[in-house]
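Notebook open, coffee poured. I want to go through this chain from the overall fold down to single side-chain pairs.

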Amino acid sequence: MGVLSRRFSDGVHPTKARELMAQGALLVDVREAWEWAAGRAPGAHDVPLDQLAARMDELPRDRKVVVVCRSGNRSAHATNMLRGAGVDAVNPDGGLHAWSAAGLPLVTDGHEPGRVA
């Protein structure tokens, strides 16, 4: 249990994440380029996890940041990194799999329906 269970237990339901976005939160997708191309949440910003530390200054400190990945594992790690840097970040439980299962949309570059890869 310990740190691992605590790290994943403080996420939000995907519909709550969507509400936060409607209230002005920034959605950051930390998946790889090939995953991003298959489908992402509308309005998401692409910041792969391996680039997050170098791109930390691009993220706001004055509004909430919702961090997402495929299953919630990478985004939980990213959320912890961001919180350590003073960013008000949350992680949707279950990642984009749960996002999609909740009926929330995924799109591609061409604004076609997307899929979780």
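My entries below go from the whole chain to one helix and then to the salt bridges.

**Overall.** I am working with a predicted model. I counted the secondary structure and got six helices and four strands. Reading from the N terminus, I noted the order α-α-β-α-β-α-β-α-β-α.

Next I checked the dimensions. The C-alpha trace spans about 40 × 30 × 25 Å along its principal axes. I compared the radius of gyration with the globule rule: for 117 residues a compact globule would come out near 13 Å, and the chain has 13 Å, so the two agree.

I then looked at burial and contacts. Of the 117 residues, 43% are buried. Among contacts with a separation of 6 or more, 65% are between residues 24 or more positions apart. The chain exposes about 5900 Å², and carbon and sulfur atoms supply 53% of that.

**Helix H2.** Which residues of H2 are buried? I found Pro14, Ala17, Leu20 and Met21 in this helix, which covers residues 14-22. Looking down the axis of H2, I saw the buried residues fall within an arc of 110°, so they line one face of the helix.

I also asked what covers the buried residues of H2. The cover includes strands S1 (26-29), S3 (65-68) and S4 (89-90), along with helix H6 (95-101). One backbone detail I jotted down: Gly24, just after H2, takes a positive phi of about 110°.

**Salt bridges.** I counted six in total, and I wrote up three of the pairs.

Asp29 and Arg31 pair through their side chains at 2.8 Å, N to O. Buried or exposed, these two? Both Asp29 and Arg31 are buried.

Arg70 and Glu35 form another salt bridge, at 3.8 Å, N to O. Arg70 sits in the loop between S3 and helix H5 (73-84), while Glu35 belongs to helix H3 (residues 33-38), so this pair ties together parts that are 35 residues apart in sequence. I looked up the accessibility of each partner: Arg70 is partly exposed, with a relative accessible area of 31%, whereas Glu35 is buried, at 1%. Following shared partners from there, I found that salt bridges join Glu35, Arg70 and Arg74 into one network.

My last pair was Glu58 with Arg55, at 2.9 Å, N to O. Arg55 has a relative accessible area of 21%; buried means under 20%, so I logged Arg55 as partly exposed.

Terms used: Residues numbered from 1 in each chain as written. Predicted model: local features only at pLDDT ≥ 70, side-chain atom pairs only at ≥ 80, totals over all residues. Heavy atoms only, no water. Buried < 20%, exposed > 50% of the residue type's maximum accessible area, 1.4 Å probe, protein only. Helix = DSSP H or I, 4+ residues; strand = E, 2+ residues; numbered from the N terminus. Arc of directions from axis to C-beta. Contact = heavy atoms within 4.5 Å. Salt bridge = Lys/Arg side-chain N within 4 Å of Asp/Glu carboxyl O. Rg over C-alpha atoms; globule rule 2.2 N^0.38 Å. Areas by Shrake-Rupley, 256 points an atom, 1.4 Å probe, with all protein chains shown as cover.
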